[in-house]
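Grab a pencil and work through these exercises with the viewer open. Try each task before you read its solution.

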Amino acid sequence: QVGVNRRLILVQRFDKEGEPFESMLNPQIIAKGDSLHARIEGCLSIPYTRDTVLRHWEIVVKYQNHRLKWQEEKLEGFTARIFQHELDHLNGILFTDLIRND
């Protein structure tokens, strides 16, 4: 997204005590729940634009931490949505690419 060829997400985890900042290297989704939820999303890459996007409510992710140790964890709700949104950026996808016009 910013011209640096690295697969890295930096995130403040509001779903964890103390709201820690974490780095997630080489992140990937390894499982998705069946439940999909439509919610309004926006993005700093596209200011003043918001629309409804359908995303999985529950996912299992795998990533390396700042010590390069592989981690696996289940994410739900808003945290899962954020992860999917940020991983899309790493894959060259913007939330506007996922807006349904039916």
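Two strands pair if DSSP finds at least two bridges between them. Helices (H or I, at least four residues) and strands (E, at least two) are DSSP runs, numbered from the N terminus. The model is predicted, so to speak on paper: local features need pLDDT of at least 70, side-chain atom pairs count only at pLDDT 80 or more, and totals for chains, interfaces and linings use all residues. Residues are numbered from 1 along each chain as its sequence is written, and side-chain values use heavy atoms, with hydrogens and water left out.

**Exercise 1. Trace the open sheet and work out its strand order.**

Step 1: Start with β1 (8–12) and β2 (21–32). β1 and β2 are antiparallel partners joined by five bridges, and in this pair Q12 sits opposite F21 of β2.

Step 2: Move on from β2. Five bridges also link β2 to β5, again antiparallel, and Q28 faces K62 in β5.

Step 3: Put the strands in a row. The open sheet has four strands, ordered β1-β2-β5-β6, with antiparallel pairing. β1 and β6 are the edge strands, each pairing on one side only. On average, neighbouring strands here are turned by 50° against each other, direction ignored; axes are lines fitted to C-alpha atoms, for helices over the stretch in contact, and angles run from 0 to 180 degrees between N-to-C directions.

**Exercise 2. Find what lies across this sheet, and sort the residues of β1 by face.**

Step 1: Look for the helix. α1 lies across β1, β2, β5 and β6, and runs at about 95° to β2. Contact here means heavy atoms within 4.5 Å.

Step 2: Sort β1. I9 and V11 make up its covered face, while L8, L10 and Q12 are on the uncovered one.

**Exercise 3. Describe the β3–β4 pair.**

Step 1: Count the bridges. β3 (residues 36–43) pairs with β4 in the antiparallel sense over eight bridges.

Step 2: Check the connection and one facing pair. A hairpin of two residues takes β3 into β4, and G42 stands opposite R50 of β4.

**Exercise 4. Are S23, I46 and D88 buried or exposed, and what do they touch?**

Step 1: Set the cut-offs. Buried means under 20% relative accessible area, exposed over 50%, and partly exposed in between (1.4 Å probe, protein chains only).

Step 2: Take S23, in strand β2. S23 counts as buried because its relative accessibility is 19%. Beyond four places in sequence, its contacts are L8, I9, L10, Y63, Q64, N65 and H66.

Step 3: Take I46, in strand β4 (residues 46–56). I46 is buried too, at 19% relative accessibility. Ignoring residues up to four places away, I46 touches L94, F95 and T96. I46 and T96 are 50 residues apart along the chain, yet their C-alpha atoms are separated by 8.8 Å.

Step 4: Take D88, in helix α1. With 14% relative accessibility, D88 is buried. Neighbours within four places aside, D88 is in contact with R55, I93 and L98.

**Exercise 5. Which backbone angles stand out at N26 and L68?**

Step 1: Recall the background. Most residues other than glycine have a negative phi.

Step 2: Check N26. This residue of strand β2 has a positive phi, near 50°, without being glycine. N26 is partly exposed, at 34% relative accessible area.

Step 3: Check L68, in the loop between β5 (58–64) and β6 (70–76). Its phi is positive as well, about 70°, and L68 is no glycine either. L68 is exposed, with a relative accessible area of 54%.

**Exercise 6. Characterise the second largest pocket.**

Step 1: Get the terms straight. On a 1 Å grid over the protein atoms alone, a pocket is an open set of points where a 1.4 Å probe fits, with protein on both sides within 12 Å along at least five of seven lines; lining residues have an atom within 4 Å of a point. Grid points are joined across faces, edges and corners, and a volume is the space filled by probe spheres set on the points.

Step 2: Size it up. The second largest pocket has a volume of about 190 Å³ and 13 lining residues, with V11, Q12, R13, T79 and I82 nearest its centre.

Step 3: Assign the lining. β1 and α1 (77–90) each supply at least two residues, and α1 gives the largest share, five.

Step 4: Sort by chemistry. The lining has eight nonpolar, two polar and three charged residues. Here Ala, Val, Leu, Ile, Met, Phe, Trp, Tyr, Cys and Pro count as nonpolar, Asp, Glu, Lys and Arg as charged, and the others, Gly among them, as polar.
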